[in-house]
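Visitor: Please give me a close look at the side-chain pairings here, with the cut-off behind every term. I would like the bonds and bridges taken one by one, and the rings after them.

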Amino acid sequence: MPDLPPSEVRRAAAMTVLTVISGAVDAVSFLTLGKVFCALVTGNVLFLSFALAGEGDVPVERAATAVAAFAAGAALGALTLAGLAARGRPWFVAGLAGEGLLLVASGAVALGRHGLADAVDHTDYVVIGGVALAMGLRASTALRMHVPGMPTLLSQTALAQLVNDLLNRPLTADGRAPRHRLLARARWAATVLGIFVGGVLGTWLLVPLGPGRALIVIGAVVLTFAAACHVVLLRREDMGART
């Protein structure tokens, strides 16, 4: 089995970083924006279904805002990144830069309106919408990058794929998994662990910083990572136009 292309390893590493960031964003949004998910949209869809059934204390308006903003961000990303890719521009870096700026702007709004409070006013749909818009843009960026098993926003599919692969895939004659299977397993494991680690880090950020400054820090990390990808981590062929 030939060695794995370095570009594949770099792409998986980049998506792992983004997965950690997603976990951190959802920690901030769920714990301080009124029990709403800005990255894990499935949670908001369930909140809306609970409200429709008339059960539970469900944040209907916040969940609806997050879903709508996420969809808008995904649409914005799909159109903008496709246009950049068609012109041979570095669409991956552009997607990350847009995400980082939206997170920083949302954090600045939260900080300006609510100061260093432990939580944002639950009716502040501008902050919720801004963060969800950023995560929708991220969804389109991850889809266009197309690293199998690494959507960066959720972990359940990766966990199921990892378990099934470990149970059903045969080993080579020397008792080891083929090299390409090891990379696939690493991607799935990184997705699951990345969300978990990001949730822990996001929660830790909230304690000394509060939601506004935490979002600004996370956004700054995304912007720094975008610059690093442009300069060091990802070569042009790793960010080639995809249709």
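Guide: A search of the whole structure finds 0 disulfides, a disulfide being a pair of cysteine sulfur atoms within 2.5 Å. This is a predicted model, in which local features need pLDDT of at least 70 and side-chain atom pairs count only at pLDDT 80 or more, while totals for chains, interfaces and linings use all residues. Residues are numbered from 1 along each chain as its sequence is written, and side-chain values use heavy atoms, with hydrogens and water left out.

Two cysteines can be placed by their accessibility: Cys38 counts as buried at 1% relative accessibility, and Cys229 is buried with a relative accessible area of 0%. Buried stands for under 20% relative accessible area, exposed for over 50%, and partly exposed for what lies in between, using a 1.4 Å probe and protein chains only.

Turning to charged pairs, the search of the whole structure finds 3 salt bridges, where a side-chain nitrogen of Lys or Arg must lie within 4 Å of a carboxyl oxygen of Asp or Glu. One of them joins Arg185 to Asp165, with the closest N and O atoms 2.4 Å apart. Because Arg185 lies in helix α7 (residues 179-233) and Asp165 in helix α6, this pair ties together parts that are 20 residues apart in sequence; helices here are DSSP runs of H or I with at least four residues, and strands are runs of E with at least two, numbered from the N terminus. Helix α6 spans residues 156-168, and within that helix Asp165 is buried at a relative accessible area of 3%. Leaving aside residues up to four places away in sequence, Asp165 touches Arg181, Arg185 and Trp188, a contact meaning heavy atoms within 4.5 Å. Arg185, like Asp165, is buried.

Another bridge is formed by Glu99 with Arg138, whose closest N and O atoms are 2.7 Å apart. Glu99 belongs to helix α4 (residues 91-114) and Arg138 to helix α5 (residues 125-145), so this bridge ties together parts that are 39 residues apart in sequence, and both Glu99 and Arg138 are buried.

There is also a bridge between Asp124 and Arg113, with the closest N and O atoms 2.9 Å apart. Asp124 sits in the loop between α4 and α5 and Arg113 in helix α4, 11 residues apart. Here Asp124 is buried, with a relative accessible area of 3%, whereas Arg113 counts as exposed at 51% relative accessibility.

As for the rings, the count comes to 3 aromatic pairs, under a rule that pairs rings of Phe, Tyr and Trp (its six-membered ring) if their centres lie within 6.5 Å, and that calls planes under 30 degrees apart stacked, over 60 edge-to-face and the rest tilted. The centres of the Phe37 and Phe47 rings are 6.1 Å apart with the planes at 15 degrees, so this pair is stacked. Phe37 comes from the loop between α1 (6-32) and α2 (41-53), while Phe47 is in helix α2, 10 residues apart, and Phe47 is buried with a relative accessible area of 16%. Trp91 and Phe92, by contrast, make an edge-to-face pair, 6.2 Å centre to centre and with 85 degrees between the planes; both Trp91 and Phe92 are buried. Phe30 joins Phe37 and Phe47 in one aromatic cluster.

Finally, the charged end of Arg144 sits over the ring of Trp91, 5.8 Å from its centre, under a rule that asks for NZ of Lys or CZ of Arg within 6 Å of the ring centre and within 35 degrees of the ring normal.
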